[in-house]
Amino acid sequence: MLPHDDVDYGTPKRASDQQVTLEIDGQAVTVPAGTSLMRAAIEAGVSVPKLCATDSLEPFGSCRLCLVEIEGRRGFPASCTTPAEAGMKVRTQSDKLQKLRHDVMELYISDHPLDCLTCAANGDCELQDMAGTVGLRNVRYGMEGKNHLGAAKDESNPYFTYDASKCIVCNRCVRACEETQGTFALTISGRGFDSRVSPGQDQAFMDSECVSCGACVQACPTGTLQDKSVVALGMPTKSVVTTCAYCGVGCGFKTEVKGEQVVRMTPWKDGQANDGHSCVKGRFAWGYATHKDRITKPMVRERITDPWREVSWDEAIAHAASEFKRIQARHGHDAVGGITSSRCTNEEAYLVQKLIRAAFGNNNVDTCARVCHSPTGYGLGQTFGTSAGTQTFKSVEQSDVIMVIGANPTDAHPVFASRMKKRLREGAKLIVVDPRRTDLVASPHVAADFHLQLRPGTNVALVTALAHVIVTEGLLDELFIAERCEDRSFRQWREFVARADNSPEATEAVTGVPAREVRGAARLYATGGNAAIYYGLGVTEHAQGSTMVMGIANLAMATGNVGREGVGVNPLRGQNNVQGSCDMGSFPHELPGYRHVSDSTVRAEFEAAWGVALSAEPGLRIPNMFDAALEGSFKGLYVQGEDIVQSDPNTQHVTEALSRLECLVVQDIFLNETAKYAHVFLPGSSFLEKDGTFTNAERRISRVRKVMKPLGGLADWEVTVKLAEALGYPMPYAHPSQVMDEIARLTPSFRGVSYAKLDKLGSVQWPCNEDTAEAGTPTMHVDGFVRGKGRFVITQYVATAEKVTRRFPLVLTTGRILSQYNVGAQTRRTDNNRWHDEDRLEIHPHDAEERGLREGDWVGITSRAGETVLRAVLSERMQPGVVYTTFHFPESGANVITTDSSDWATNCPEYKVTAVQVSKVAQPSEWQRGYEAFNRQQLDALERRGEAAAAEAALVMEK
Ligand code: SF4
Ligand code: SF4
Ligand code: SF4
Ligand code: FES
């Protein structure tokens, strides 16, 4: 059973070494010091009426419903704000208390619409419950007096409504926005009778600072803040715990359903990655799962210029298999390969790589981590010995100094950002290393102590300069280094970073960061207490991405900031299961568990289990597959849940390569950009339609649970199984749990993982095995590094080949925005478009002025690879010389202009540095107009065929 706890204890749990024992309604109760009387009572099974208190928020003490009597004390203190003390004797029930509570409720109800039976919150309203609890049957005060019953509704937010007539001004929403989310969008405006919740003076929610995280909706005890989906569909009847399918935070959710219809996604209170919080994507943007664009019938075509032909699953699978076999017979075993998906489950990624290795007989398998965090795998593997973050998200609550490098968590990892901001509000120091002034640099009640606003592409020079200060100013943790790290590599590194040419003063001209700032940040990181580094794609997506990851690891080892709570090196991974897809052996050189294909002992284990001989030769990486396709040796590709045309750099290169393939099989929920070059389309399934697991950025393995049947009839794992069978390699699994059992048998770090354990514990962090970590491993490298001794690596800065010139004088860098997700396939099909409906080019006003650009102008962006057109946004967040865009909309063609430049070790593309020129143009580019026309034509054709098929079916029915 899941550790599912729906009890609301009224106030947060307190941790203390000291325990206090008191008496509540005659019952002895022992709780940690600092625990409220309310929580002590509820933990002991004594219920206390409450309205303004909830256990996710600090107590506020406004509703006066939770009053108690304490022996020897006068009055009736609020149990939510009164801490338990040793020896107290507390009464929660008496005639006097009953009368007081009754009177309080009577006042609330006298100014509340009496429409419970038709209210969307009926059955899920604490006000309704409390009226029952205090036995309120009638109200003595009439509704004809002054009241709020006619107060206007705010329907501006696409996902929730604010009905002011129902508000009891309990302040829970305001506190949720401050304490949980950290946005401070809400206030209580007015006084006394006039007080009401407000998202700003005369502002609607949509025009305010609100980021639609849903925390206020979650906290509201009445129907005032209510999900529109609940208003439309009614209260759910059942809930299933699952994991968000968007970002690498991996929030736990309760999918609340009526039959197979999703009504609401509620953040799961016991979700260990999110502790009951959410962001606008996971909480509200799930409508894509049943969007009309979903393709639910398999399709084939001979040539990519032919129209699609809908066929049965059997025909589509048989066609794909025979094509792959034909290609291998004609062009050799290595002429085919596959790409696993970081959007799919661990079990599905495992099956795809197994199919490639066992059924295709080669190692031509890769994954989208190639274009995001492959340098993390390499860099942390080289230094620490394992390719993953070192901490839990919760660990940040113990950090004194937080360094965020090349990451924008408020947009890309919002729930973690809220946790981090809470710690910053408590006093932790913040260093931000980023070319842009991101929200984290200055947001309500948070300000970076240092913002090292470096030039894109100079990360390595900066990290080495930080190390220079630590070494030359005697800030090393000598004891940690002596005990935990290699002596030889440390000495070499120390000698290297101490060189004068690595000093902040010497590198200032390269990085653009004033030397005194670098020195200040280095001192703070090294001496400020527990120091943690969080980094993102602004570190990895560079020509020296792997070098930078190793530079970060060097810093952490040099200062002893590894192996305990509050410290560590933490990649903020992008996609929900990018960690998992890497763990599952999606790289061409590694079997599951990061074991090299050339290791004959490991290979023998898999050969025995899979019953085939495996190749010892690493296969092709994604960019090598494209090159091989262009040169004619690679002819067939199976792509599961990945839109390589939109997500990979240099689109022209990618599309040219794909159009040379003889068989491209795309498995996806939508007809994505890559499908335009496909010969077989296999309908994919959303996370709501299957069972499995995702592994988040903390190495946390969490269950994904099915709530509806796959719209196309088969879950993704079943499609891979069928394809393998058609290729002559049976994969007899009846359920994804059996796949996990096989993964556990063959992968040491997963040895102790099973669905039964996940159901019992909620989630576990790998390594999880019977030897050392039966319940998983929250913190890595506690007693020693996975590789034994930590290894320092020399980080020589090498300027990228992607240079600015007179022709291309600006640097384009890319990133994400909160409301959209990655290539936008899901979020673009939701109301999240209301926040961001096109990618735009952010440009510093100075650069704009030089080019005669004004806000909203169309601007042409030209790089060495291509050109596109976006609308301009003038922004002081940019530094002069640097422009920025997101890449969520295919028509914006952000990757039409990114180049082939990539990380030296892993081929991760250098998305963060593209030399460009920007100039005013009259309209979107020819490419974009062509794109729109092509898309319209494809969708129209499908729609026409759908209509024809429906008419035909109707005719058959009539007959
Ligand atoms: S909107 Fe809801 S949570 Fe906010 S004050 Fe009103 S009743 Fe309380
Ligand atoms: S949805 Fe989130 S950001 Fe918006 S007001 Fe509510 S708590 Fe604040
Ligand atoms: S933070 Fe990430 S995992 Fe959590 S709800 Fe948002 S998108 Fe989903
Ligand atoms: S619940 Fe304690 S005062 Fe409202």
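**A walk from ligand 2 to a pocket and a helix**

The shell around ligand 2 sorts by class into 9 nonpolar residues, 2 polar ones and no charged ones. Keep in mind as you explore that this model is predicted. To see who makes up that shell, look for Phe160, Cys177, Leu186 and Phe205, together with Cys210, Val211, Ser212, Cys213, Gly214, Ala215 and Cys216.

Val211 makes a handy bridge to our next stop, the second largest pocket, which holds about 950 Å³ of space. Its lining comprises 38 residues, and those closest to the pocket centre are Val211, Asp411, Asp439, Ile817 and Leu818. So Val211 belongs both to the residues around ligand 2 and to those closest to the centre of this pocket, where "around" is a matter of a heavy atom within 4 Å. By class, the pocket lining has 15 nonpolar, 14 polar and 9 charged residues.

Which elements each supply at least two residues of this lining? They are the helices α11 (409-412) and α12 (414-425), and the strands β33 (840-843) and β36 (882-886). Helix α12 gives the most, with 5 residues.

Now let us turn to a single side chain, that of Gln328, which sits in helix α8 (residues 313-331). Is Gln328 buried or exposed? Gln328 counts as buried because its relative accessibility is 12%, and the cut-off for buried is under 20%. A polar atom of the Gln328 side chain lies 2.8 Å from the backbone oxygen of His333. His333 is also among the contacts of Gln328 beyond four places in sequence, along with Val336, Phe360 and Asn362.

Notes. Residues are numbered from 1 along each chain as its sequence is written. Chains are lettered from A and ligands numbered from 1 in the order in which they are written. This is a predicted model: local features need pLDDT of at least 70, side-chain atom pairs count only at pLDDT 80 or more; totals for chains, interfaces and linings use all residues. Side-chain values use heavy atoms; hydrogens and water are left out. Ala, Val, Leu, Ile, Met, Phe, Trp, Tyr, Cys and Pro count as nonpolar, Asp, Glu, Lys and Arg as charged, and the others, Gly among them, as polar. Helices (H or I, at least four residues) and strands (E, at least two) are DSSP runs, numbered from the N terminus. Buried means under 20% relative accessible area, exposed over 50%, partly exposed in between (1.4 Å probe, protein chains only). A polar contact is a pair of N or O atoms within 3.5 Å; within protein, one must be able to donate a hydrogen and the other to accept it, and residues adjacent in sequence count only if both atoms are side-chain atoms. Contact means heavy atoms within 4.5 Å. On a 1 Å grid over the protein atoms alone, a cavity is a set of points where a 1.4 Å probe fits but cannot get out, and a pocket is an open set with protein on both sides within 12 Å along at least five of seven lines; lining residues have an atom within 4 Å of a point. Grid points are joined across faces, edges and corners, and a volume is the space filled by probe spheres set on the points.
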